[in-house]
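Reader: I have not seen this structure before. Can you walk me through the ligand site?

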Amino acid sequence: MAKRIAFIGLGNMGGGMAANLVAKGFKVEAFDLDPAALGRARLAGCRTHTSINAALDGVDVVVTMLPDGKIVRNVFDQDVLKWTPTGALLIDCSTIDVDTARDVIALATGKGFAMVDAPVSGGIAAAAAGTLTFMVGGSAAAFAQAKPVLAAMGSAVIHAGAAGAGQAAKMCNNMLLGATMIATSEAFAMAERLGLDLQTFYDISSKASGQNWSMTSYCPVPGVGPKTPADNDYQGGFTAALMLKDLRLAMAAANATHADVPMGRRATELYEKFVAAGHAGLDFSAIIKTLRK
Ligand code: NAD
């Protein structure tokens, strides 16, 4: 019989992920505080519930996709670890701090659950298309159990290491992304001031040593490179607010481990300024607007 999965948090990301689980034959019991999110989940084929304990009743797996670490801790403390059948597999896909991820997994395993942290790379479009990359922290046994469920929502599922390692990989990756997006943007802005045609600079740098993902897969210059949010007036994609959230998590981790991260710190300052100036909802590549004339 198909596994029954409780899915908690059916927002921009969770909505698409739950729909992919339904499409792959899982029975999905959905819960969200927002009735509109539940309505969309019902249309996607989930069974919806107005209380979390009803959604957790009798399931084999719980997947959570929630805004932040505080909410994840509360939902697990108050509900998931109370109402889920003992022995079920718990998967938290939210982006949260490493310490909270480790604490919640320790609590869960202490109560007889298998649990992994499994944050994602790829935005709303990848969640809807089922092409997310999952970076997973937890024991080898918990990872083996989680892999088929995650594979139904993504195209890559990678074991990063012990509990919390998924979150550690996610924040190192996104710190790198924030810094390379700014570096790429300033290179284009300076090329422009030096009188270079930006398509020509792209053609050169994308085949030279400056090449990087922010340039060749997510170019911040409209009309240059592949189609990106820059071509849609920086709407859609990955918001500056979410980039700042991830950079702040990275800075907290850097402080806790005494890691020297001058580029990450500068990227955090620049995204803080950008968001404070009212651009939280723009795609994060829009930071180039602060650097071009
Ligand atoms: P979202 O705000 O669209 O969705 C979160 C959902 O959780 C909402 O529907 C909200 O009502 C629900 N929720 C909040 N508290 C709840 C509770 N106590 N019980 C049940 N439901 C509750 O956010 P999102 O964009 O889907 O992001 C979810 C997570 O994925 C975040 O941790 C984010 O950092 C991460 N993420 C997002 C993206 C992206 O591009 N949006 C990309 C990668 C990772």
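Author: Some questions and answers on the ligand and its surroundings follow.

Reader: Which residues come nearest to the ligand?
Author: The model is predicted. In it, 24 residues lie around the ligand. Those that come nearest are Asn12, Met13, Asp32, Leu66 and Lys245.

Reader: How far is a polar backbone atom of Leu66 from an oxygen atom of the ligand?
Author: Met13 has a polar backbone atom 2.8 Å from a ligand oxygen. Thr95 places a backbone N or O atom 3.0 Å from a ligand oxygen. For the polar backbone atom of Leu66, the distance is 2.8 Å.

Reader: What share of the ligand does the protein bury?
Author: The space the ligand takes is the largest pocket. Taken alone, the ligand exposes 840 Å². Of that area, the protein buries 85%.

Reader: Which helices each supply at least two residues of the shell around the ligand?
Author: Look along the chain for the stretches 12-23, 69-83 and 240-257. Each supplies at least two shell residues. They are helices H1, H4 and H11.

Reader: From which domains does the shell draw at least three residues each?
Author: One domain spans 4-162, and another spans 168-290. The shell draws at least three residues from each of domain 1 and domain 2.

Reader: How many residues of the shell are nonpolar?
Author: Sort the shell by class. Charged residues number 4, and polar residues number 7. The nonpolar residues number 13.

Methods. Residues numbered from 1 in each chain as written. Predicted model: local features only at pLDDT ≥ 70, side-chain atom pairs only at ≥ 80, totals over all residues. Heavy atoms only, no water. Near = heavy atom within 4 Å. Polar contact = N/O pair within 3.5 Å; in protein donor to acceptor, adjacent residues only side chain to side chain. Areas by Shrake-Rupley, 256 points an atom, 1.4 Å probe, with all protein chains shown as cover. 1 Å grid on protein atoms, 1.4 Å probe; cavity = no way out; pocket = protein on both sides within 12 Å on 5 of 7 lines; lining within 4 Å. Sits in = over half its atoms within 2 Å of the grid points. Helix = DSSP H or I, 4+ residues; strand = E, 2+ residues; numbered from the N terminus. Nonpolar A, V, L, I, M, F, W, Y, C, P; charged D, E, K, R; others polar. Domains from an automatic or database assignment.
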